[in-house]
Amino acid sequence: MQGSTTDRRGRSHPPQCTTSREDRQIVRMAVTNRSVISRTIAQHNESVTHHSASARTIRCRLQQRGFFARCA
């Protein structure tokens, strides 16, 4: 008799590299300063949390919360 097979199953998506708290901080920074770019947010996030998230991850997190790129 085999045990649970859920450990061997693949995921439909990779695990998130940011926590929900970090996501809230990312959104807060984007709201307070609308001209800040994702690279700057990523650098700030890395200096605060001591682990890196790419600029693309930052853009995805903002997009999940309803924030999109705005033209000047």
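Which residue follows α3, and what is the sign of its phi? I looked at the end of the helix and found Gly66 after α3, with a positive phi near 95°. A note to self before going on: this is a predicted model.

**Entry: the two sides of α3**

I went through helix α3, residues 55–64, for its buried positions, and I listed Ala55, Thr57, Ile58, Arg61 and Leu62. These residues lie on the same side of α3, because they cover an arc of only 155° around the axis. I kept the textbook reason beside this: an α-helix has 3.6 residues a turn, so residues three or four places apart point the same way. Then I turned to the other side of α3, where I noted Arg56 and Gln64 as exposed.

**Entry: what lies over the buried side**

Next I asked what covers the buried residues of α3. The cover includes α1, residues 20–32, and α2, residues 38–49.

**Entry: α1 against α3**

I took up this helix pair with the usual pair of descriptors, since two packed helices are described by the angle between their axes and the distance between the axes. For α1 and α3, I have axes that come within 10 Å and cross at roughly 85°. The two helices are therefore roughly perpendicular to each other. From α1, I wrote down Asp23, Ile26, Val27 and Ala30 as the residues making the contact, and from α3, Ile58, Arg61 and Leu62. Sorted by class, this contact of α1 with α3 has five nonpolar residues, two charged ones and no polar ones.

**Entry: the charged pair**

Which residue forms a salt bridge with Arg61? I found Asp23, with the closest N and O atoms 3.4 Å apart. That is inside the cut-off, as a salt bridge here needs a side-chain nitrogen of Lys or Arg within 4 Å of a carboxyl oxygen of Asp or Glu. By this rule I count one salt bridge. The pair joins distant parts of the chain, with Arg61 in helix α3 and Asp23 in helix α1, 38 residues apart.

Are the partners buried or exposed? Arg61 is buried, at a relative accessible area of 10%, and Asp23 is buried too, at 9%.

**Entry: Arg59**

Last, I checked Arg59, which also sits in helix α3. I have Arg59 down as partly exposed, with a relative accessibility of 47%. I also looked up its spacing from Arg39: the two C-alpha atoms are separated by 9.3 Å, while the residues are 20 apart along the chain.

How values were computed. Residues are numbered from 1 along each chain as its sequence is written. This is a predicted model: local features need pLDDT of at least 70, side-chain atom pairs count only at pLDDT 80 or more; totals for chains, interfaces and linings use all residues. Side-chain values use heavy atoms; hydrogens and water are left out. Buried means under 20% relative accessible area, exposed over 50%, partly exposed in between (1.4 Å probe, protein chains only). Helices (H or I, at least four residues) and strands (E, at least two) are DSSP runs, numbered from the N terminus. The arc is that of the directions from the helix axis to the C-beta atoms. Contact means heavy atoms within 4.5 Å. Axes are lines fitted to C-alpha atoms, for helices over the stretch in contact, and angles run from 0 to 180 degrees between N-to-C directions. Angles under 35 degrees count as roughly parallel, over 145 as roughly antiparallel, 65 to 115 as roughly perpendicular and the rest as oblique. Ala, Val, Leu, Ile, Met, Phe, Trp, Tyr, Cys and Pro count as nonpolar, Asp, Glu, Lys and Arg as charged, and the others, Gly among them, as polar.
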